[in-house]
Amino acid sequence: MKKKTVLDILDMMKKGEKITMLTAYDFVMASILDEAGTDMLLVGDTMGMVVLGNPNTLAVTLEDSIRHTQAVARGVKQAMVIGDLPFGTFQVSAEEAVRNSIKLVQIGNAEAIKLEGGSERSAAIKGILDAGIPVMGHLGLTPQSFHKFGGFKVQGKTKEAAQFLLEEAKQLEESGIFSLVLEAIPWQVAKEITEALSVPTIGIGAGPHCDGQVLVTYDMLGYFDFKAKFVKRYLDLKGQILKAVQEYNREVRENIFPDLSYSYD
Ligand code: KIV
């Protein structure tokens with residue numbers, strides 16, 4: 001099976017084919033999402049919330065990101081694997097951003113990296129590209145700026161804020177990103193940005209006009225209790241797990257499981 005690359009992702013946009021991305025943090029889930037034909041798997045720093053149980057993404061470390069990217073990369077045959085640069089690994093200097101991106105690719109087996117922010121990241125993005133690593137941008141509700149925003153809040157709601165996002169998106173494109181995540185912004189703003197850029201936009205809570213969509217896999221499978229307005233649940237995984245585990249607990253307690261068919265003679 002042919003592995004997808006940045007060229008395939010750009011080609012899909014040019015042909016008007018929608019791009020799918022989901023988050024993945026472990027080998028088994030990555031192999032399932034890959035088998036289902038998902039175009040890109042993002043080893044997002046949302047792992048800090050849905051895997052590690054933190055209230056936000058800020059505590060995720062580069063080592064966390066590397067370890068989980070390795071696991072995801074091992075499970076993938078065709079999807080492109082994007083590693084996420086965690087909070088504190090790219091803000092201090094462009095040099096640090098380049099060094100940490102190289103680690104995500106060299107040790108984590110990422111095929112591209114994602115970082116949050118706008119024009120203030122231009123030097124870092126150019127440096128990472130110079131190292132031969134494709135970069136995915138991320139604008140709108142960038143969760144690493146949780147404290148600055150005063151919580152997880154929809155961005156770009158005023159005319160000025162929308163204009164600012166459009167300018168920032170253009171700057172990121174000029175810096176060389178191969179695609180741009182737009183998170184929690186009005187669909188009209190996402191549409192305008194998508195029309196203005198020649199690289200694909202990947203929306204999450206940004207409406208239907210983006211070139212592709214991403215969701216946190218645990219949210220769309222109903223594995224995680226939190227549900228934002230933009231999340232469509234395709235499965236009640238938590239409900240199904242609860243039912244299965246309650247049945248297992250009952251069968252063990254009533255000495256139904258294991259019977260001899262599950263036992264060695
Ligand atoms: O970390 C993450 O999972 C993300 C997605 C929500 C886009 O940034």
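**Close-up views of a predicted model**

**View 1. Asp84, a buried residue of strand E3 beside the ligand.** With a relative accessible area of 1%, Asp84 is buried, because that value falls under 20%. In this predicted model, Asp84 belongs to strand E3, and its side chain reaches the backbone nitrogen of Asp45 at 2.8 Å. An N or O atom in the side chain of Asp84 is also 3.3 Å from an oxygen atom of the ligand, and both Asp84 and Asp45 are among the residues around the ligand.

**View 2. The ligand and the residues around it.** The space that the ligand takes is the largest pocket, and the residues around the ligand are Thr23, Leu42, Gly44, Asp45, Thr46, Asp84, Lys114, His138, Val181, Ile204 and Val216. By class, this shell divides into four nonpolar, four polar and three charged residues. A polar side-chain atom of Thr46 lies 2.5 Å from an oxygen atom of the ligand, while for Lys114 an N or O atom of the side chain is 3.1 Å from an oxygen atom of the ligand. On its own the ligand has 260 Å² of accessible area, of which the protein covers 98%.

**View 3. Gly88 in the loop after strand E3.** Gly88 lies in the loop that runs between strand E3 (80-84) and helix H5 (94-106). Its relative accessibility is 39%, and Gly88 therefore counts as partly exposed. Lys77 is eleven residues from Gly88 along the chain, and the C-alpha atoms of these two residues are separated by 31 Å.

**View 4. Two loop residues, Asn109 and Ala184, with positive phi.** Most residues other than glycine have a negative phi. Asn109, however, which is found in the loop between H5 and strand E4 (112-114), has a phi near 70°, and with a relative accessible area of 44% this residue is partly exposed. Ala184 likewise has a positive phi, near 50°, and is found in the loop between strand E6 (179-183) and helix H9 (187-196). At 5% relative accessibility, Ala184 counts as buried.

**View 5. The cis peptide bond between Phe257 and Pro258.** Most peptide bonds are trans. The bond that joins Phe257 and Pro258, by contrast, is cis, with an omega of about -5°, and Pro258 has its place in the segment after helix H11 (237-253).

How values were computed:
Residues numbered from 1 in each chain as written. Predicted model: local features only at pLDDT ≥ 70, side-chain atom pairs only at ≥ 80, totals over all residues. Heavy atoms only, no water. Near = heavy atom within 4 Å. Polar contact = N/O pair within 3.5 Å; in protein donor to acceptor, adjacent residues only side chain to side chain. Areas by Shrake-Rupley, 256 points an atom, 1.4 Å probe, with all protein chains shown as cover. 1 Å grid on protein atoms, 1.4 Å probe; cavity = no way out; pocket = protein on both sides within 12 Å on 5 of 7 lines; lining within 4 Å. Sits in = over half its atoms within 2 Å of the grid points. Nonpolar A, V, L, I, M, F, W, Y, C, P; charged D, E, K, R; others polar. Helix = DSSP H or I, 4+ residues; strand = E, 2+ residues; numbered from the N terminus. Buried < 20%, exposed > 50% of the residue type's maximum accessible area, 1.4 Å probe, protein only.
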